[in-house]
Amino acid sequence: MGIFRSHRRTEQLMDALTYFVLGAIVLFAILPLVWVFITSFKPESDIVTATLQYLPQHITFDNYLTLWRRSSFPTLIKNSAIVATMTVVICILLGTLAAYAISHYRFRGRDRLMLFFLVSRMFPVVLLLIPLFVMMKNLGLLDSHLGLALAYSSFLLPLCIWMLKGFFDAIPNDLEEAARIDGCTRIGALFRIVLPLARPGLVATAVFVAIGAWNEFLLALMLTTSQGSRTWPVGLQLMVGEFQLPWGQLSAGGMISILPVILFFGLVQRALVRGLTSGAVKG
Amino acid sequence: MSSRRQTIDRPVVAPNWGRSSFYALIDRLALISEGRYWAYFLLIPSMILLLAIIVYPIGSGILLSFRTMRLTRPDLGTPFIGLQHYADLMRDPVFRLAARNTVIWVVLGASSQFVVGLITALALNRKVRGIWLIRILVLVPWFLPSVVAGHIWALMLDPRLGVINDLLVKVGILDQYRSWFSNPVTSLPTVLTVDLWRSFPYFSLFLLAGLQAIPEELYEAASVDGAGYWQRFRQITMPLLAPVIVATVVLRVIGLVNSPDLLIVLTNGGPGNSTQVLSLFAFQTAYTAFNFGYAAAISVVILLLLMAFTVVYVRVSGAAKG
């Protein structure tokens, strides 16, 4: 009896501790975002004050309207969307084929290839950047959407292949074999059996790649030089540097640009988390 | 299956030339797919792209570190200078400072993020109400771009308008507002705090996945044998989680060493190089000084340090595991 009672007390203590930790950590993760959200609806007179104004005196949409109408922000968002879409198309198209081959066939150099994808993360961005810059310049791809999308693929394609391999590994081989016995060619089995089954994984990976491309800062800073292809993280940073962007508008810009990230992430978080973790566990 | 396949191979409707060439292509692909080189065939497109955007640039980047290349001085050309850049690095006081800061940045960054991430993962692994929503909320900072993450904290830590200053003064910890980023003593710890906020969810996510892969029966058996919570944690959780811990720590260290994004947004290495790290030094050398050869040499040193770290860390943790 004594053992059971102390056991139950420990359990209750652990539950209390769990709630405390979860509460604290959620506040830590979310409060900064809440603060920016509030700030984005404050008029400048409520932000720049002698004593800090926690809640706005009156809610205003001016920050959003000014940023959208008076600055290059819409162009930046459009550029980012184009580059992210191109990156997703490149990575998913090539990555699907490669990940399927790695997942389903045993061939020489297979393990070494997967290791190379991991090791490729170790290369410093600047080491990659300088030759890429020279290369893009020679090819006329500097300051273009395609050039940036190709540069993004250098870190997103290996990641994409790792994730997709995890999803393909989860599809039982029997189904494909049954189709093969029924006279399906290998390519037929890939398109009719494997890809439809892997669709949730493909969508999750595509979203992951899109978020990576949407958020990228360093490569874009160096490989874009004009309004024509500049992405929003670079544009926002430059606006802060050059025009001393007011806090209200900066907050509004932040909210606009993370909205698609949170939206997409919310939509596919279950499959995304599964995809990320299956790769990690099998590591 | 077979009947559907025939409609693809032999169209019933008389095809025009364009369509038949399409089917010819499909047939040809189907034929290749039966051959023994099918796997390689699927890999070719990715390999060509990765050769062009990773292998070739890295190779020429390493070669570049042995050459002079300054975009602002095209008159110098790109002569081979051997190990000159590396010799210069050894004498460069900024490089030495950046190397020291990098060690502090990585050790404090990785350990703080790991500890908070592990505690969070353990809490997230318990079955409580609404856990799915909590999991999403906790993960959000990791999916934010560094530019937004940086400015969120710059706003909260602002020396005149910052809410954190205000709260700390109200609670009584500070007597007046501080300028966190422009004080060389507080600048690095402050940026580390921002990175803790942004990156602890990475550890939470992967360690949670590792925890969920541990079979429930092991804990039940240990409980029956009278093992307490702490004992179960040490005897079951930690050993089984070890491979995931090693992998996540290696990847996080690589991330901390290689990405100066947050520092570019928040401090740009200042004040007085107090937040200067190697990756940022390499980036500034390339991006503002346009000294590509020197920047490449710094990057090669970073790469060598990372490789050495990874080999040693994986060996040591493997040996510790037994």
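Two residues count as in contact here if their C-beta atoms, placed from the backbone, lie within 7 Å. By that rule Pro184(B) touches Pro271(B), Gly272(B) and Ser274(B), leaving aside residues up to four places away in sequence.

A word on the ground rules. This is a predicted model, where local features need pLDDT of at least 70, side-chain atom pairs count only at pLDDT 80 or more, and totals for chains, interfaces and linings use all residues. Residues are numbered from 1 along each chain as its sequence is written, while chains are lettered from A and ligands numbered from 1 in the order in which they are written.

**Chain A overall**

Chain A has 13 helices and 0 strands; helices (H or I, at least four residues) and strands (E, at least two) are DSSP runs, numbered from the N terminus. The C-alpha trace spans about 80 × 75 × 35 Å along its principal axes. Its radius of gyration is 24 Å, whereas a compact globule of 283 residues would come in near 19 Å. That radius is taken over C-alpha atoms, and the globule rule is 2.2 Å times the number of residues to the power 0.38. Buried residues make up 48% of the chain. Buried means 20 or more other C-beta atoms within 10 Å of a residue's own, exposed means 12 or fewer, and partly exposed is in between, with C-beta atoms placed from the backbone. Among contacts in chain A between residues at least 6 apart in sequence, 79% join residues at least 24 apart.

**Three helices of chain A**

The expected span of a helix is 1.5 Å times one less than its number of residues.

| Helix | Residues | Expected span | End-to-end C-alpha distance |
|---|---|---|---|
| H4(A) | 32 residues (73–104) | 46 Å | 45 Å |
| H7(A) | 25 residues | 36 Å | 33 Å |
| H12(A) | 12 residues (232–243) | 16 Å | 15 Å |

H4(A) has a kink of about 30 degrees centred on Gly95(A). H7(A) bends by about 45 degrees at Ser154(A), and Pro158(A) follows within four residues. The bend at a residue is the angle between axes fitted to the seven residues ending there and the seven starting there. H7(A) is largely enclosed by the rest of the structure, because 23 of its 25 residues are buried. Phe155(A) sits in this helix, and its 21 C-beta neighbours inside 10 Å make it buried. In H12(A), the buried residues include Trp232(A), Leu236(A) and Met239(A). Just after H12(A), Gln244(A) takes a positive phi of about 50 degrees.

**Where the chains meet**

The contact between the chains takes 80 residues from chain A and 78 residues from chain B. On the chain A side, these are 58 nonpolar, 19 polar and 3 charged residues. Ala, Val, Leu, Ile, Met, Phe, Trp, Tyr, Cys and Pro count as nonpolar, Asp, Glu, Lys and Arg as charged, and the others, Gly among them, as polar.

**Backbone oddities in chain B**

Most residues other than glycine have a negative phi, and most peptide bonds are trans. The bond from Gly270(B) to Pro271(B) is cis, with omega near -10 degrees. Pro271(B) lies in the loop between H12 and H13 of chain B, as does Asn273(B), whose phi is near 60 degrees. Asn273(B) is partly exposed, with 17 other C-beta atoms within 10 Å. Phe290(B), in the loop between H13 and H14, has phi near 55 degrees. Back to Pro184(B): this residue lies in the loop between H8 and H9 of chain B and is partly exposed, with 13 other C-beta atoms within 10 Å.
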